[in-house]
Amino acid sequence: MSYFPRTSAHLMRNVLAQNKGTVYLRITTQATDIPIQIRFSGVRHISGNRGGKQQQHINTAPIEFTPNFGYGDRVPKLDKKVGATALKTLRCTDDVSNASEAGTLSDPGAQLPFKVKLVDPKERKSKRSSSHATSQGFDLQTLKKKIIIPYLQLTKPRLTILVMLSAICSYALSPYPASVSELLCLTVGTTLCAGSANAINMGREPEFDRQMVRTQARPVVRGDVTPTQAFEFAALIGTLGVSTLYFGVNPTVAILGASNIALYGWAYTSMKRKHIINTWLGALVGTIPPLMGWAAASPLSHPGSWCLAGLLFAWQFPHFNTLSHNIRNEYKNAGYVMTAWKNPLLNARVSLRYSILMFPLCFGLSYFNITDWYYQIDSGLINAWLTFWAFKFYWQQRINYSAKTLKDNVKFNKGLSVANIYARKTFMASVLHLPAILILAIIHKKGRWDWIYPGEAKRPQERL
Ligand SMILES: CC(C)=CCC/C(C)=C/CC/C(C)=C/COP(=O)(O)OP(=O)(O)O
């Protein structure tokens, strides 16, 4: 059974994404050069170090794998190759001649401690739909599985919530008086507009999303929702969102919401496959929600609104550039033109540049009387933390892409692994950075603590 630990180690090395007990591997057949995703439903849990030992809990239940390109008449011709590649991965060896010649994929013999079964996606789908047909009536479970969950997923809920929070924070920070009804309409309207923009994006990209592990479980890719249904849904919630903003907040916010749907759904989504400028366009999309929040109660001519919008703009570079660095090959294979693979050094440089830009932007918030001056201390620490990792990432890439390292393959690959780690660290720092910087701004909002020092409150504002 020597294959078992070796296979486990091999699995660990190849893990791309881990999701509730399912480990996804990505390998490429040399024969076809088509990426194959193998889904090991048998691996239940892989945990980190405990007591100095790597803990692994692996279930030896039958494992099935599904080729992710199994469409049309290519499947039968490629079955054997897919099987052979899977066996290579599972057995950590290139010697699969016996099994692949005999075509005995389901029985790799005593070589493996578990069974491997090739699943034909078409067969699986037809089995699933026939079992659905036999189940009686249209129950709540079906409604949830077929309609509520897919349509909710169309809106990219986590991103939508982040967008909505950026608008609310900006509303909370704006100096003019707020009202509960305005806040409620701003929240609902922005959420619906963001959901609509995301649904358009998903409706337009199933062929590309299908090719990336991160996006291949999306409802349009799975076929739960057709692109037309996605667009209809987007039109419905987009109209509702813009109307809520128009009648419940004000026309400026409604126009910003509608324009942002178009900017993200059409301009940015199209640009993703054309030019690296797409990241800058995407950053602009992220800048609009805080402007919407601000414009709900205060004039956009106030420089504080531009500092806040600038923060959201700048933040997206250390965030997206480092995220895309670690999946640059997936982006490349799927046809997305990303700086991460087009110009890796520029990618790291831009992450650093915009991390540094956070300092003057936060300074601007205090300078223009949105926050107190103490904000400079804690926001400075958080910005320094992000900049530190962005700098490490940039510096490593600078070494990697120097003429000297490029001549030495081993050194280059080693350096790249280190850069991958720094990219991940910068990404993690960015995930915590944004909420921290916004929450701190709210805590430090100018005048918030005046009730503690009543004398301070009476001082006239020097600026604005
Ligand atoms: C009010 C309103 C309309 C707000 C819209 C806000 C919004 C949708 C921001 C998204 C920003 C962005 C560039 C995300 C990445 O998209 P991606 O297409 O690269 O992500 P993916 O690869 O996950 O599809």
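This section describes the salt bridges, aromatic contacts, ligand surroundings and annotated spans of a predicted model.

Salt bridges are considered before the other contacts. The structure contains 5 of them. One joins Lys 272 to Glu 205, with the closest N and O atoms 3.1 Å apart. This pair connects distant parts of the chain, since 67 residues separate its members. Lys 272 belongs to the loop between helix H11 (251–271) and helix H12 (278–295), whereas Glu 205 occupies the loop between helix H7 (180–204) and helix H8 (206–209). Both ends of this bridge can be assigned to a burial class. Lys 272 is buried because its relative accessibility, 11%, falls under 20%. Glu 205 is likewise buried, with a relative accessible area of 0%. The pair does not stand alone, as Glu 205, Lys 272 and Arg 273 are linked in a network of salt bridges.

Two further bridges involve Glu 207 and Asp 209. Glu 207 forms a salt bridge with Arg 210, and the closest N and O atoms of that pair are 3.0 Å apart. Glu 207 counts as partly exposed, at 47% relative accessibility, while Arg 210 counts as buried at 19%. Asp 209 forms a salt bridge with Arg 218, the closest N and O atoms being separated by 3.4 Å. In this case Asp 209 is buried at 2% relative accessibility, and Arg 218 is buried with a relative accessible area of 16%. Side chains of opposite charge can pair when their charged atoms come close.

Members of the salt-bridge network also make contacts with aromatic rings. Lys 272 lies over the face of Tyr 336, at 4.5 Å from the ring centre. The charged end of Arg 273 is placed over the ring of Phe 208, 4.0 Å from the centre of that ring. Lys 272 thus takes part in a salt bridge with Glu 205 and also lies over the ring of Tyr 336.

Aromatic side chains contribute a separate set of contacts, and the structure holds 17 aromatic pairs. Among them is the pair of Tyr 151 and Phe 233, which is edge-to-face, with 5.0 Å between the ring centres and 70 degrees between the planes. Tyr 151 is part of helix H5 (residues 140–154) and Phe 233 is part of helix H10 (residues 227–248), so the pair ties together parts that lie 82 residues apart in sequence. Phe 233 counts as buried, at 17% relative accessibility. Another edge-to-face pair is made by Tyr 367 and Phe 368, whose ring centres are 5.1 Å apart and whose planes meet at 85 degrees. Tyr 367 is partly exposed at 35% relative accessibility, and Phe 368 is also partly exposed, with a relative accessible area of 23%. In addition, ring pairs join Trp 280, Phe 313, Phe 317 and Tyr 354 into a cluster.

The ligand is surrounded by 20 residues, of which the closest are Arg 214, Arg 218, Tyr 264, Tyr 268 and Lys 272. Three of these side chains are described here by their distances to oxygen atoms of the ligand. A polar side-chain atom of Arg 214 lies 2.7 Å from a ligand oxygen atom. For Tyr 264, an N or O atom of the side chain is 2.8 Å from an oxygen atom of the ligand. Tyr 268 places a polar side-chain atom 2.6 Å from an oxygen atom of the ligand. The closest residues around the ligand also include Arg 218 and Lys 272; Arg 218 is bridged to Asp 209, and Lys 272 is bridged to Glu 205.

Annotation from a record can be set beside the model. An unreviewed UniProt entry lists residues 245–267, 279–297, 374–395 and 426–444 as "transmembrane region". Over residues 245–267, the chain is 91% helix and 0% strand, and the end C-alpha atoms are 22 Å apart. Residues 279–297 are 89% helix and 0% strand, with end C-alpha atoms 30 Å apart.

Finally, Ile 327 is located in the loop between helix H13 (303–326) and helix H14 (328–334). Ile 327 is buried, because its relative accessible area of 17% is under 20%. Between Ile 327 and Thr 426 there are 15 Å in space, C-alpha to C-alpha, and the two residues are 99 residues apart in sequence.

Methods:
Residues numbered from 1 in each chain as written. Predicted model: local features only at pLDDT ≥ 70, side-chain atom pairs only at ≥ 80, totals over all residues. Heavy atoms only, no water. Salt bridge = Lys/Arg side-chain N within 4 Å of Asp/Glu carboxyl O. Helix = DSSP H or I, 4+ residues; strand = E, 2+ residues; numbered from the N terminus. Buried < 20%, exposed > 50% of the residue type's maximum accessible area, 1.4 Å probe, protein only. Phe/Tyr/Trp six-rings, centres within 6.5 Å; stacked < 30°, edge-to-face > 60°. Lys NZ or Arg CZ within 6 Å of the ring centre and 35° of its normal. UniProt positions renumbered as here; feature names shortened; annotations may be inferred. Near = heavy atom within 4 Å. Polar contact = N/O pair within 3.5 Å; in protein donor to acceptor, adjacent residues only side chain to side chain.
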